[in-house]
Amino acid sequence: MKTIVKSAAVMLMCVAVAFPANAQFDGKEGNDFGLWMTVGLDKKINKKWSVGVEFEYRLKDNIEEGKGWGASNRWSIAVGADYKPISWLKLDAGYKFIRDHSLPEWNEEDQEETEAYWGSKHRVYASATGS
């Protein structure tokens, strides 16, 4: 019985996700649709150490309006490590490389549109968590 309920719940969620959510549709532009995909992999080295890697890919809004799946907005790759020196304290640090696409913008002063371009960003992070 539990298996049937779980299967029905999964099917219901899949059907619900398949229908577009038009909560912010204003009728002027096409349906707004973007997609963020993330894949991560974590590996526990030993009782105190673990490492991870993550890849993210984002597609722009209004993907269905002629740009198709080539409408990339951003991609990134991150690596990090966790260390537990004592049972109640976790330290972690990592690095993320981000490549993002900036759209053209109207420059009021020059009365012209800027060009679209790809830019790179580097993020370094560190944290300590107590529990």
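In which sense do β3 and strand β4 pair, and over how many bridges? In this predicted model, strand β3 and strand β4, the latter covering residues 89–102, pair in the antiparallel sense over 11 bridges. The report below starts from the overall composition, proceeds to the sheet, and then turns to side chains and the surface.

## Overall composition

The protein contains one helix and seven strands. Read from the N terminus on, its elements run α-β-β-β-β-β-β-β. Of its 131 residues, 15% count as buried. The protein exposes about 10600 Å², and carbon and sulfur atoms supply 60% of that area. Among the contacts with a separation of 6 or more, 44% are accounted for by residues 24 or more positions apart.

## The sheet

Five strands form an open sheet in the order β1-β2-β3-β4-β7, with antiparallel pairing. The edge strands are β1 and β7, each of which pairs on one side only. From one strand to the next, the twist averages 10°. As a general matter, strands of a sheet pair through backbone hydrogen bonds, either parallel or antiparallel.

Strand β3 (residues 72–86) also pairs with strand β2 (residues 49–59), in the antiparallel sense and over 11 bridges. Within that pairing, Leu 59 stands opposite Ser 72 in β3. On the β4 side, the bridge partner of Gly 80 is Gly 94, and Tyr 83 stands opposite Leu 91 in β4.

A hairpin of two residues joins β3 to β4. Ser 87 is found in the loop between these strands. Ser 87 counts as exposed because its relative accessibility is 62%, above the 50% cut-off. In space, Ser 87 and Ser 131 are 8.5 Å apart, C-alpha to C-alpha, although 44 residues separate them in sequence.

## Salt bridges

A search of the whole structure finds four salt bridges. Three of them are listed here with the distances between nitrogen and oxygen atoms.

| Pair | N to O distance |
|---|---|
| Glu 56 and Arg 58 | 3.3 Å |
| Arg 74 and Glu 56 | 3.5 Å |
| Lys 90 and Asp 82 | 3.9 Å |

Salt bridges that share partners join Glu 56, Arg 58 and Arg 74 into one network. Are the members of this network buried or exposed? Glu 56 counts as buried because its relative accessibility is 8%, under the cut-off of 20%. Arg 58 is likewise buried, with a relative accessible area of 14%. For Arg 74, a relative accessible area of 17% also gives the assignment buried.

What does the pair of Arg 74 and Glu 56 tie together? Arg 74 lies in strand β3 and Glu 56 in strand β2, so their salt bridge ties together parts that are 18 residues apart in sequence. Both of these residues are buried.

The surroundings of Arg 74 extend beyond its salt-bridge partner. Leaving out residues up to four places away in sequence, Arg 74 touches Glu 56, Tyr 57, Arg 58, Lys 96, Ile 98, Arg 99 and Asp 100.

The salt bridge between Lys 90 and Asp 82 involves residues of another accessibility class. Lys 90 is partly exposed, with a relative accessible area of 31%. Asp 82 is partly exposed as well, at 24%. Both assignments follow because partly exposed denotes the range between the buried limit of 20% and the exposed limit of 50%.

## The nonpolar surface patch

Which residues make the nonpolar surface patch of about 730 Å²? The patch is made by Val 39, Leu 41, Val 53, Phe 55, Ile 77, Val 79, Tyr 95 and Val 124. The elements that give two or more residues to the patch are β1 (35–44), β2 and β3.

Val 124 is found in strand β7, which covers residues 117–130. Val 124 counts as exposed because its relative accessibility of 71% is over the 50% limit. Val 124 thus belongs both to the nonpolar patch and to an edge strand of the sheet.

Note on methods: Residues numbered from 1 in each chain as written. Predicted model: local features only at pLDDT ≥ 70, side-chain atom pairs only at ≥ 80, totals over all residues. Heavy atoms only, no water. Pairing = 2+ DSSP bridges. Helix = DSSP H or I, 4+ residues; strand = E, 2+ residues; numbered from the N terminus. Buried < 20%, exposed > 50% of the residue type's maximum accessible area, 1.4 Å probe, protein only. Patch = residues over 30% accessible without salt bridge, like charges linked within 9 Å, V, L, I, M, F, W, Y side chains within 5 Å. Areas by Shrake-Rupley, 256 points an atom, 1.4 Å probe, with all protein chains shown as cover. Salt bridge = Lys/Arg side-chain N within 4 Å of Asp/Glu carboxyl O. Axes fitted to C-alpha atoms, helices over the stretch in contact; angles between N-to-C directions. Contact = heavy atoms within 4.5 Å.
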